[in-house]
Amino acid sequence: MRKANLCQTVRKLLQDIIDLRDSSVVTGVDAPTDNGKTVESVKYVNVAGVMSDSPFDGVNIVVKKYSDGNTTVKQV
C-alpha cells in the first residue's frame, strides 16, 4: 500500500472511531425484547445436552422463552 493510501486509510479509521465514540451508545438494557415480546428466560445447551444460564465455548443451542408463552430455539 502506498504511503498516501495508508495515510488516507488511517484518517478514515480515526474518523470512524470518533464517530462511534460520539454516537449514542447503548450501555445497558432494561429487559431483553425480541420482536416486541419480552424475553423471560434464556438458556444455553451444549452438544452434550448440558444446560446453563451462560453460553458455553463452541456450539450452543439458545432456548428463549417469551412472556406470551412462545419459545424459540436457535443454534449459534
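Two rings of Phe, Tyr or Trp count as a pair if their centres lie within 6.5 Å. By that criterion, a search of the whole structure, which is a predicted model, returns zero aromatic pairs. One ring does take part in another kind of arrangement: K37 sits over the face of Y66, at 4.5 Å from the ring centre.

The overall layout can be stated briefly. The protein has one helix and five strands, and from the N terminus on these elements follow the order α-β-β-β-β-β. Of its 76 residues, 12% are buried. The accessible surface comes to about 6,400 Å², and carbon and sulfur atoms account for 55% of that area. Among contacts between residues at least 6 apart in sequence, 20% join residues at least 24 apart.

The strand pairing starts here with β2. Strand β2 covers residues 37-45 and pairs with β4 in the antiparallel sense, over six bridges. Within this pairing, V39 of β2 has Y66 in β4 as its bridge partner. Y66 is also the residue whose ring face lies under K37. Strand β2 is joined to β3 as well, by two bridges, and these strands too run antiparallel. Here V45 stands opposite M51 in β3. The hairpin of β2 and β3 has five residues between the strands, and in it G49 takes a positive phi near 90°.

Strand β3 contains S52. Is S52 buried or exposed? S52 counts as buried because its relative accessibility is 19%, and the cut-off for buried is under 20%. The side chain of S52 reaches the backbone oxygen of S54 at 3.0 Å. Leaving aside neighbours within four places in sequence, S52 is in contact with K43 and Y44.

After β3, which spans residues 51-52, a loop leads to β4 at residues 61-66, and N60 is placed in that loop. N60 is buried, with a relative accessible area of 4%. Which backbone oxygen lies 2.8 Å from a polar atom of the side chain of N60? That oxygen belongs to F56. The side chain of N60 also reaches the backbone oxygen of G58, at 3.1 Å. Not counting residues up to four places away in sequence, N60 touches Y44, V45, P55, K74, Q75 and V76. Of these, Y44 is also a contact of S52, and V45 is the residue that stands opposite M51.

The last strand to consider is β5, residues 71-75, where T71 lies. T71 is classed as partly exposed because its relative accessible area is 43%, a value between the limits of 20% and 50%. Beyond residues up to four places away in sequence, T71 touches V63, K64, K65 and Y66. Y66 therefore appears once more, in a contact within 4.5 Å between heavy atoms. T71 can also be placed relative to V42: the two are 29 residues apart in sequence and 9.8 Å apart in space, C-alpha to C-alpha.

Technical notes: Residues are numbered from 1 along each chain as its sequence is written. This is a predicted model: local features need pLDDT of at least 70, side-chain atom pairs count only at pLDDT 80 or more; totals for chains, interfaces and linings use all residues. Side-chain values use heavy atoms; hydrogens and water are left out. Helices (H or I, at least four residues) and strands (E, at least two) are DSSP runs, numbered from the N terminus. Buried means under 20% relative accessible area, exposed over 50%, partly exposed in between (1.4 Å probe, protein chains only). Accessible areas come from the Shrake-Rupley method with a 1.4 Å probe; for residues, only the protein chains shown count as cover. Rings of Phe, Tyr and Trp (its six-membered ring) pair if their centres lie within 6.5 Å; planes under 30 degrees apart count as stacked, over 60 as edge-to-face and the rest as tilted. A charge sits over a ring if NZ of Lys or CZ of Arg is within 6 Å of the ring centre and within 35 degrees of the ring normal. A polar contact is a pair of N or O atoms within 3.5 Å; within protein, one must be able to donate a hydrogen and the other to accept it, and residues adjacent in sequence count only if both atoms are side-chain atoms. Two strands pair if DSSP finds at least two bridges between them.
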